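Thank you all for coming. I would like to walk you through a few places in one model this morning, so please have the sequence and the structure open as we go.

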Amino acid sequence: MRKLLYLIAIGAILITSCDDHLSTKNLFNKSTDNFYRTPTDIDEAMAGVYNALFVQTNTGLADEHIAASMFSDLVFAGGGADDAFAHNAASFTDPGEDTYHPLWLETYRGVFRANSIIAALEGENAGFSEYFATEQDAETYLDNALGEAYFMRGFLMFRAARFFGGMPLILAPDADRFVPRSSFSETFSQIASDFHKGATLMAEVDVNTISVNRYGHGNRWTAKAYLARTFLHYTGYMTNIENQPTTQISLPDGTVISRNDVIEHLEDVIDNSGYALVSDFRNLWPYSHINQSAGEIVLPWAENEGLQWAGQDGPNANIGTGNTEVMFAKRYAFADWSNTKFRNWAVLFFSVRGQDVGPYGQGWGWGTVNPNFYNNWSNDDPRKRGSVLDLNANDEGVEAYNPDANNGIQQTELVNKKYIQLRHDGEEGVKGMFYYIYRPGSTSDSYMLWSAQDFYYLRFSDVLLMHSELSETADGLNAVRARAGLEPVSYSLEALKIERKHEFAFEGIRWFDLVRWGDVENSANNYFSQAATVINNGVEAVHSVSYRPETKGLVPIPESEIRLSDGLYTQNPGW
């Protein structure tokens, strides 16, 4: 099992003092009074911060990938007639009270843990000289650890604030927790400050030197890239949703981050990080490994295209050719029925509904691909077939697909191919590809537990496209197009939007792009109002989606949190 998940499990145990629902008995003689004294302490505590990336969500919608995908115009709700959560999300309604509460809770658990590390490392007794050969090595470790804690606090708040808007800012382990929600501007100002500190404190590193065991941690380059994402989301939202045009972010200490500042950060990443596009977009996704894992050709299309998986464990991956493109990811592993938190929920939710078809395993059929999007996408772009499974294709190994067995709603026979169950025969019978790769044992032997596919938060292609968007130049845009075998184009915002739509389909990015550009409210720039043919329990029907602009692209604050705040929190508009 991956070392990162092992460390996360340890870290979650060792810092239990931060969670109010856990026992106060100190089984390991560790507490906030005597912890954070050694590099081992810090590393274990940091693992606890990363633990907060994983959200236990029985509805699915507290998982950021699932929620952002369901809000997007590229998919329909899908699922079955009883999948109310899917249909509520895709219609921008929520009759429940706490649909998104697990994301809120996990955010503040992680923030508390990051705050505890920051407080310890900035305290007067911080220092690790006795554990390193030189004072400089000790200082470098401290700065990197502090920068990583700032980065992770910023990331957790960024992930939540794009959904909830303004958040309560709790910036120290002993800070008052009964504080009002900060404004959208105040919240993103603090997030940008955390990313800026992370980028300043953490040392330069050549990503090609990062070991598999260390892969998955934030670094200087991810902090710079997330500063750019924060800048684009904040300035776009304020300009296009709040109608308060702005071209900069002011940090709490008065520092102003401008467009040019962000461009410089991105150019630093491009020139000095060592990240690079993998040679073939399709090699980013696990289906490119199914034939190798099976030891026979079960996916003819992948064989015909000569695909070879880059892997998901970084440039020095033990499985795959090496992945230089993924800059930050949620590092999933296996779950068992006592704790399903560490499986990739999205793969289960988005896979073919109710039946195994060749190399593709069954799931719950949410997020069926919108035919209008699919049909408007040129067949000359290899990313189209690299992103969408057409269940009527003759080279996908899906000849056994039976549309009559699909008792789903809003089914389109088009499925998200990036995050999909993969399966093949082996010495233990037909099981998931990741089951055969990692061999987790019988406690994880269920199609509902098989997926250990990582969720890619950030790819280097996004750095290139953000640079083009901010600099209004075509270099990054055309680098991404060239990788797909497409001709270069002159820069325009419209060309940039199309490229992002195709490059990042089903990766949880499209929704936030629509919001920050204001295109979520412009039917000419989205697919929401366009009718398409779907299949409901075997019967053809016509379906379209209506966005509710009164929500301003946000989800509701959990009602239980509003009640607990005793009037400090107000509900988001439209909810």
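Before I name any residue, one cut-off: a residue is called buried when its relative accessible area is under 20%, and exposed when that value is over 50%. Please also keep in mind throughout that this is a predicted model.

With that cut-off in hand, let us begin with Phe 92, which sits in the loop between helix H4, residues 84–90, and helix H5, residues 101–121. Is Phe 92 buried or exposed? Its relative accessibility is 4%, and Phe 92 therefore counts as buried. The backbone here deserves a look as well, since phi of Phe 92 is near 60°, a positive value in a residue other than glycine.

A second residue with positive phi is Asp 566, where the angle is about 55° although the residue is not a glycine. You will find Asp 566 in the segment after helix H20, which covers 559–564. Here the relative accessibility is 72%, so Asp 566 counts as exposed.

Let me turn to the annotated regions. An unreviewed UniProt entry places the feature "domain: SusD-like N-terminal" at residues 37–232, and in the model that span is 56% helix and 0% strand, with its end C-alpha atoms 38 Å apart. The annotation "domain: RagB/SusD", likewise from an unreviewed UniProt entry, covers residues 372–575; for that span the computed content is 30% helix and 12% strand, and the end C-alpha atoms lie 29 Å apart.

Now to helix packing, beginning with helix H6, residues 135–164, and helix H7, residues 184–201. How are H6 and H7 oriented to each other? They pack at an angle of about 150°, with their axes 8 Å apart. Since angles over 145 degrees count as roughly antiparallel, H6 and H7 are therefore roughly antiparallel to each other, and the crossing in which H6 passes H7 is left-handed.

The loop between these two helices, H6 and H7, holds Asp 174, which is exposed because its relative accessible area is 70%. If you measure out from there to Tyr 374, you cover 200 residues in sequence and 51 Å in space, C-alpha to C-alpha.

A second helix pair is H8, residues 220–240, with H19, and these pack at an angle of about 45° with their axes 7 Å apart. H8 and H19 are therefore oblique to each other. On the H8 side the contact is made by Leu 232, His 233, Gly 236, Tyr 237 and Asn 240, and on the H19 side by Phe 512, Val 515, Arg 516 and Trp 517.

Following the chain on from H19, which spans 510–517, we come to the loop that leads to strand E11, residues 532–536, and in that loop lies Asn 526. With a relative accessibility of 4%, Asn 526 counts as buried. What does the side chain of Asn 526 reach at 2.8 Å? The partner is the backbone oxygen of Asp 519, and in addition the backbone oxygen of Asn 522 lies 3.0 Å from a polar atom of the Asn 526 side chain. If we leave aside neighbours within four places in sequence, Asn 526 is in contact with Asp 73, Arg 510, Leu 514, Asp 519 and Val 520.

That is where I will stop, and I am happy to take questions.

Note on methods
Residues numbered from 1 in each chain as written. Predicted model: local features only at pLDDT ≥ 70, side-chain atom pairs only at ≥ 80, totals over all residues. Heavy atoms only, no water. Helix = DSSP H or I, 4+ residues; strand = E, 2+ residues; numbered from the N terminus. Buried < 20%, exposed > 50% of the residue type's maximum accessible area, 1.4 Å probe, protein only. Polar contact = N/O pair within 3.5 Å; in protein donor to acceptor, adjacent residues only side chain to side chain. Contact = heavy atoms within 4.5 Å. UniProt positions renumbered as here; feature names shortened; annotations may be inferred. Axes fitted to C-alpha atoms, helices over the stretch in contact; angles between N-to-C directions. Parallel < 35°, antiparallel > 145°, perpendicular 65-115°, else oblique. Left-handed = near helix turned anticlockwise from the far one by under 90°.
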